[in-house]
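Q: I'd like a close look at one small part of this model, with a bit of context around it. Could you walk me through it?

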Amino acid sequence: MSLMKVLREVATRGVTEARARIFGHVLNPTGQRSGHKILRKKLIGDKVADWYPHDFKKDDPVVMARLEKARLSKLQMLKRRGKAPPKKGQGRRAMKRSK
């Protein structure tokens, strides 16, 4: 390589590094893939969370107790009629396996 070519490359590299430092760019001289493009985007998790209304039922223990009581009474009614779900390990799939 000639001396002029080496000097030109060094000067170009120096200018590129200075430009990246000044303007906040990411310097990638090897050209390898990096996640910088994705990471510099704004995070949208808070916007998505704010879109859905807050469920106040889960905060109030009185409401949760009432819902649980209703669920248990419905389950008890189904058990009396013989329509309740089977206990764990005694369902249709387990019966097939035991045959």
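What percentage of the 99 residues of the protein chain counts as buried? And which residues form the positive surface patch?

A: Just 3% of the chain's 99 residues count as buried (under 20% relative accessible area; over 50% is exposed, in between is partly exposed; 1.4 Å probe, protein chains only). Bear in mind that this is a predicted model, where local features need pLDDT of at least 70, side-chain atom pairs count only at 80 or more, and totals for chains, interfaces and linings use all residues. Numbering starts from 1 along each chain as its sequence is written, and side-chain values use heavy atoms, leaving out hydrogens and water.

Overall, the protein chain has a radius of gyration of 33 Å, whereas a compact globule of 99 residues would come in near 13 Å (taken over C-alpha atoms; the rule is 2.2 Å times the number of residues to the power 0.38). Its C-alpha atoms fill a box of roughly 95 × 45 × 15 Å along the principal axes. You'll find 5 helices and 0 strands, in the order α-α-α-α-α (DSSP runs numbered from the N terminus: H or I of at least four residues, E of at least two).

Now the patch: Arg-92, Arg-93, Lys-96 and Arg-97 make it up. Members have over 30% relative accessible area and no salt bridge, with like charges joined within 9 Å; a salt bridge puts a Lys or Arg side-chain nitrogen within 4 Å of an Asp or Glu carboxyl oxygen. Arg-92 sits in helix α5, residues 92-98, and counts as exposed because its relative accessibility is 71%.

Notes:
Patches are made of residues with over 30% relative accessible area and no salt bridge: like charges are joined within 9 Å, nonpolar side chains (Val, Leu, Ile, Met, Phe, Trp, Tyr) within 5 Å. Accessible areas come from the Shrake-Rupley method with a 1.4 Å probe; for residues, only the protein chains shown count as cover. Lys and Arg count as positive and Asp and Glu as negative; His and the chain ends are not counted. The place of a charge is taken as NZ of Lys, CZ of Arg, CG of Asp or CD of Glu.
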